[in-house]
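Open the model in a viewer and keep the selection panel at hand. The stops below give what to select and what is there.

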Amino acid sequence: MVFKKMLSAFGVGGPSVDTVLTNPNTRPGLTLDGQVNLVGGDSEAAIEQVVIGLVTRVEVEGHDTEYAGTMEFHRMVVSGPLQLAPKQQLSIPFQLPVPWETPITDVYGQRLHGMTM
């Protein structure tokens, strides 16, 4: 039993998480609707909180170097602490307000090159 809990801590046999968006297209000032689907693993799991975030691709320049990465710019807590029983299925709906500072990825239906959200 202890070995299963240790493996679960590393993600083996632990709960799975899937975020499903009702409509992935939105714009600043509107909401992004969806649900977070959780499925329990092989043993009971104590979850401290469920958080969703918006990330974007960024290019960082400085000190004669340049590299690309991802950066989270907004997050929201969807659920507080909960217990997830083995194989239990749970769906948590959410409405994430999209900040006005959200990077724009298309203009007049045309995708902007290099913009990824």
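Leaving aside neighbours within four places in sequence, which residues is E66 in contact with? The model is predicted, and the tour begins at this residue.

**Stop 1: E66.** Select residues 65-79, which make up strand β5, and pick out E66 within that strand. Now show what surrounds E66: beyond the residues within four places in sequence, the contacts are E59, V60 and E61. Colour by accessibility next. E66 has a relative accessibility of 55% and counts as exposed, because the cut-off for that class is over 50%.

**Stop 2: the open sheet.** Select β1, β2 and β7, three strands that form an open sheet in that order, with antiparallel pairing. The edges are β1 (16-21) and β7 (89-97); each has a single partner strand, so one side of each has no neighbour in the sheet. Averaged over this sheet and with direction ignored, neighbouring strands are turned by 20° against each other.

**Stop 3: the β1 and β2 pair.** Keep β1 and add residues 31-39, which are strand β2; the two run antiparallel and are joined by six bridges. For one position across this pair, select S16 and look opposite, where V39 of β2 stands.

**Stop 4: a nonpolar patch.** Select I104, V107, Y108 and L112 and switch on the surface: together they make a nonpolar patch of about 440 Å². Then isolate L112, which lies in the segment after β9 (110-111). Is L112 buried, partly exposed or exposed? L112 is partly exposed, since its relative accessible area is 32%, and partly exposed covers the range between under 20% and over 50%.

Note on methods
Residues numbered from 1 in each chain as written. Predicted model: local features only at pLDDT ≥ 70, side-chain atom pairs only at ≥ 80, totals over all residues. Heavy atoms only, no water. Patch = residues over 30% accessible without salt bridge, like charges linked within 9 Å, V, L, I, M, F, W, Y side chains within 5 Å. Areas by Shrake-Rupley, 256 points an atom, 1.4 Å probe, with all protein chains shown as cover. Salt bridge = Lys/Arg side-chain N within 4 Å of Asp/Glu carboxyl O. Helix = DSSP H or I, 4+ residues; strand = E, 2+ residues; numbered from the N terminus. Buried < 20%, exposed > 50% of the residue type's maximum accessible area, 1.4 Å probe, protein only. Pairing = 2+ DSSP bridges. Axes fitted to C-alpha atoms, helices over the stretch in contact; angles between N-to-C directions. Contact = heavy atoms within 4.5 Å.
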